[in-house]
Amino acid sequence: MIVIVDYGLGNLFSVQKAFEILGAPVKISGTAEDIHTAERIVLPGVGAFGDGMEFLRTKGLDRALTEEVIGKKKPFLGICLGLQFLAETGEEHGEHRGLGWIKGRVRKLAAEKQGLKIPHIGWNELTMVRASPMFTGINPDADFYFVHSFQLQCADPTDLVATATYGEKITAAVERGNIFATQFHPEKSQDNGLKLLENFIQWNP
Amino acid sequence: MLKVRLIPTILLKDGRMIKTRQFSEYRDVGNPRTVAKVYDAQRADELIFLDITATVENRHFLFDIIAAVAQECFMPLTVGGGIRDVAQARAILTHGADKVAINTAAVERPAFITELAKKFGNSTVVVSIDYKKNAKGKNEVFTHRGTHPTGLDPVAWAKEAQKLGAGEILLTCVDREGMMTGYDLETLKQITSSVSIPVTASGGVGTIQDLVDGIVIGGASAVAAASIFHFTDQSIFKAHSHMKQKGLSVRK
């Protein structure tokens, strides 16, 4: 069973439906029990960094996630804010502590200083930094759908799998062992996105 | 590189898709689910649904349509129409929408923009601005589907909406809506150069060149259209290919 972690904000419906279409048993849940029994864990994301982390801590979900993902090495997929939570620190509306699974900070996009619009909204193409089984069957310069104003700046370059360009190089995908996360939304990226989710279902890190 | 977005707009009333001219002369143009599937297959970059259903009793049609579309189309969906509080916005989002568009409620209570932005993130909040020329020949923001004058200048209101937490502006020129004579490029340019958030141009597209003009001349980040895809033989494919020919960066 894939468990999609619910922290009370935004659209989890599309992620759930995408896995259903791909034939994977899936459940949306906001309880630590379900995280403990999950085979694979998806942390989607909309909302703000501080509020989201606060919710995970209040419900004890941060501990459950760390036990299962860091302790038991369950395959993990973070999406958008679900990628940013992996950082050590987030700078959205003040400084907040993240899960700290990926070294680095979540910073505001620098694009605004260059006259580019913020949020970064729309389809942008990827540049692969290194090969990853999660991109099997996907063109290396494929377009994916982004919608965000912050990004995770990796302190360890070996965590970085793909970037996109928006005024600066931004982190598009990270991977570290059994942890994989995307800044873009695979569940909103039509065929390329569904392929990536299918790769996640089959991923054995 | 970020691609420009081409967004078909689907106007809803009591569960059907309709078309209007200058916000009146309603025509039933089909089943919104079928139309959304076609746009998805033609690789539209996003979809916008605006519901103008008159009665609260018929609002369930909207939830059914959004849920049905979100099950079949794995692409970004913006949904607007009569959203007045956080609970209604949340209901729209949990049925599969990614962004909510607010219009009348934002003008009546600007703090609503901030409430939504704090709850769901700025990028989830689209402030939809309808404007037309008033009796004095000046642009004025109208609410309640273009019927209530507000005394607001669209440029000033767009700046205010950004300050309050809007992640995007959906800008509709009521005078042009359904007329197929092109966007009001002058106002569009004024607004895109006054805000630092993306603006989607809407109202007036009659040719695929109008889409290019909206981006190149008007400075829009995204271009929305409806009539051209219904009443002409132009498709999303043809529009994308024309935009690419004109040197715009479109999705592969």
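Four worked exercises on a predicted two-chain model follow.

Residues are numbered from 1 along each chain as its sequence is written, and chains are lettered from A in the order in which they are written. The model is predicted: local features need pLDDT of at least 70, side-chain atom pairs count only at pLDDT 80 or more, and totals for chains, interfaces and linings use all residues.

**Exercise 1. The interface**

Task: Find which element of chain A gives the most residues to the side that touches chain B.

Solution:
- Start with the totals. 32 residues of chain A are in contact with 30 residues of chain B (C-beta atoms, placed from the backbone, within 7 Å).
- List the elements that give two or more residues on the chain A side: α1 (13-21), β8 (120-125), β10 (143-148), β12 (160-166) and α6 (190-202). Helices (H or I, at least four residues) and strands (E, at least two) are DSSP runs, numbered from the N terminus.
- Pick the top contributor. β8(A) gives 6 residues, the most.
- Sort this side by class: 13 nonpolar, 12 polar and 7 charged residues. Nonpolar means Ala, Val, Leu, Ile, Met, Phe, Trp, Tyr, Cys and Pro; charged means Asp, Glu, Lys and Arg; the others, Gly among them, are polar.

**Exercise 2. An open sheet**

Task: Establish which strands of the β6-β5-β7-β11 sheet in chain A stand at the edges.

Solution:
- Read the order. The 4 strands of this open sheet run β6-β5-β7-β11 in chain A, with mixed pairing. Strands pair if DSSP finds at least two bridges between them.
- Take the ends. β6 (96-97) and β11 (150-154) of chain A each have a single partner strand, so one side of each lacks a neighbour in the sheet.
- Check an inner pair. β5 (residues 89-90) and β7 (residues 104-108) of chain A pair in the parallel sense over 2 bridges. Thr89(A) stands opposite Arg105(A) in β7(A).

**Exercise 3. Helix α10 of chain B**

Task: Determine where the buried residues of α10(B) lie around its axis.

Solution:
- Name them. In α10 (residues 236-245) of chain B, Ile236(B), Ala239(B), His240(B) and Met243(B) are buried (20 or more other C-beta atoms within 10 Å of the residue's own; exposed means 12 or fewer; C-beta atoms are placed from the backbone).
- Use the arc, taken from the directions from the helix axis to the C-beta atoms. The buried residues cover only 100°, which puts them on the same side of α10(B).
- Look across. Phe237(B) and Gln245(B) are exposed on the other side.
- Find the cover. It includes β1 (5-13), α1 (32-41), α8 (208-216) and α9 (227-231) of chain B.
- Step past the end. Gly247(B), just after α10(B), has a positive phi of about 90°.

**Exercise 4. Burial in chain B**

Task: State what share of chain B is buried.

Solution:
- Count the elements: 10 helices and 12 strands.
- Take the share. Buried residues make up 52% of the 252 residues in chain B.

Methods:
Contact = placed C-beta atoms within 7 Å.
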